[in-house]
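Got the viewer open? Let's take a short walk through some aromatic rings, one selection at a time.

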Amino acid sequence: QVQLVESGGGLVQPGGSLRLSCVASGSIVSIAAMGWYRQAPGKQRELVARISGSGRTYYADSVKGRFTISRDNAKNTVYLQMNSLKPEDTAVYYCNADIWVVTALTNYWGQGTQVTVSS
């Protein structure tokens, strides 16, 4: 059994910053790619940022230069530092990870954390 638990969401004013964290726990052999997705009301879930097991990163164009994804492999944790936040960043943010469990690579989702950018 594997769980992803996010934290760090909340209400912030435009131009502000937040740092999201996601901890993976359970019967983990190793973690491959980890990432963050978001879903705004009435919109499809979209990829925000992703980081491979070797540390290569990908960012959606809408967040390049403002968001930074990082990971701590020793803690099975992925972070998303969000700066210069805009109202259009308001969404539920979901952690996602490809995790080796015994001999199978399985994709897991967290429960989501709300980020609201508003004055």
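There are 2 aromatic pairs to visit in this predicted model. Start by selecting tyrosine 37 and tryptophan 109 and showing their side chains. These two rings make an edge-to-face pair, with 4.9 Å from centre to centre and 65° between the planes. Now colour by secondary structure: tyrosine 37 belongs to strand 4 (residues 30-39) and tryptophan 109 to strand 10 (residues 104-109), so this pair ties together parts that sit 72 residues apart in sequence.

Stay on tryptophan 109 for a moment and switch on the surface. Is tryptophan 109 buried or exposed? Neither quite fits: its relative accessibility is 39%, so tryptophan 109 counts as partly exposed.

Next, add tyrosine 94 to your selection. Tyrosine 94 also pairs edge-to-face with tryptophan 109, at 6.5 Å centre to centre and with 85° between the planes. Tyrosine 94 is in strand 9 (residues 91-101) and tryptophan 109 in strand 10, so here the pair ties together parts 15 residues apart in sequence. With the surface still on, check tyrosine 94: its relative accessibility is 14%, under the 20% cut-off, so tyrosine 94 counts as buried.

Keep Tyr37, Tyr94 and Trp109 on screen together, and you have a cluster linked by ring pairs.

One last pick: arginine 45. Which rings does its charged end sit over? One is the ring of tyrosine 94, with the charged end 3.7 Å from the ring centre. The other is the ring of tryptophan 109, where the distance to the centre is 4.6 Å.

Definitions and conventions
Residues numbered from 1 in each chain as written. Predicted model: local features only at pLDDT ≥ 70, side-chain atom pairs only at ≥ 80, totals over all residues. Heavy atoms only, no water. Phe/Tyr/Trp six-rings, centres within 6.5 Å; stacked < 30°, edge-to-face > 60°. Helix = DSSP H or I, 4+ residues; strand = E, 2+ residues; numbered from the N terminus. Buried < 20%, exposed > 50% of the residue type's maximum accessible area, 1.4 Å probe, protein only. Lys NZ or Arg CZ within 6 Å of the ring centre and 35° of its normal.
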